[in-house]
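This report describes the fold of one protein chain, going from its overall make-up to the arrangement of its sheet.

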Amino acid sequence: MSSSLDSCHQLEAATLDKVDSLRLVVGLGNPGSEYANNRHNLGFRVLDALADKHGLPFKRHKGKVRVAQGEIDGQDVILAKPQTFMNLSGGAVSRVRRRFDVAPEDILVVYDDLDLPLGRLRLRPEGGSGGHRGMRSVIDRLGTHSFARLRIGIDRPSGRMDPADYVLQAFSVDEEAVVAEAVRQAVAAIECCLREGIVAAMDRFNRPTPSAEEQCQEAQA
């Protein structure tokens, strides 16, 4: 029996070794309590939820960034929240990357996306900024777009509202229920990336969020 358990542990360790690359997870947002519940701060919300779940406290770090360090699912990780404003996020990300000697391909950036429906998750191993100024700053300062990203949909504003104003609004009461589930799923997606790699996480989490009716039907099944 013990030999079987030892074999399982060895297999588990080997599996972790194969995906032991992602080390720095960055959430994008704006610092300050007045921005905490804005659409633009979903990256911060996801990292706060991930850190709370695993008991990793954030501490202020030189270079205008808050950092939490610890272990998640058997892997040492660094969580970072730039404390510059969104459009200047790249400077803080670049400094953290150099401080902890993390290669760009070992970084995952979490942020909001106007072009995805509210609550939809989209993981990618690399890509452009899609017009997101925080991501544009990160790409410019890292000098590459070859790092993973987790986008969380916030939908586009209706009518003629300026998107710059829209992203600085708080979610409505009805939207908050969808957002809370999206944050929970985003935390699970990051854990999956750490445990099994981004390909497995993409297969599992890059799918439409069930509607409220579908969730109800699933619960009754």
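## Burial and surface

A residue is called buried here when its relative accessible area is under 20%. By that definition, buried residues make up 43% of the 221 residues in this chain, which is shown as a predicted model. The surface that the chain exposes comes to about 11,600 Å², and carbon and sulfur atoms supply 49% of that area.

## Overall make-up

The secondary structure of the chain consists of eight helices and seven strands. Among contacts in the chain with a separation of 6 or more, 69% are accounted for by residues that lie 24 or more positions apart in the sequence.

## The sheet

The seven strands form an open sheet with mixed pairing, and their order across it is E2-E3-E4-E1-E5-E7-E6. The edges are strand E2 (59–61) and strand E6 (121–124), each of which pairs on one side only. From one strand to the next, the twist averages 25 degrees.

At the E2 edge, the pairing with strand E3 (residues 65–72) is antiparallel and runs over three bridges. Within this part of the sheet, His 61 has Val 65, in E3, as its bridge partner.

## A helix against the sheet

Helix H7 (residues 198–205) packs on the sheet, where it touches both E6 and strand E7 (148–153). The direction of helix H7 makes about 155 degrees with that of E6, the strand that, as an edge of the sheet, pairs on one side only.

Methods:
Residues are numbered from 1 along each chain as its sequence is written. This is a predicted model: local features need pLDDT of at least 70, side-chain atom pairs count only at pLDDT 80 or more; totals for chains, interfaces and linings use all residues. Side-chain values use heavy atoms; hydrogens and water are left out. Two strands pair if DSSP finds at least two bridges between them. Helices (H or I, at least four residues) and strands (E, at least two) are DSSP runs, numbered from the N terminus. Axes are lines fitted to C-alpha atoms, for helices over the stretch in contact, and angles run from 0 to 180 degrees between N-to-C directions. Contact means heavy atoms within 4.5 Å. Buried means under 20% relative accessible area, exposed over 50%, partly exposed in between (1.4 Å probe, protein chains only). Accessible areas come from the Shrake-Rupley method with a 1.4 Å probe; for residues, only the protein chains shown count as cover.
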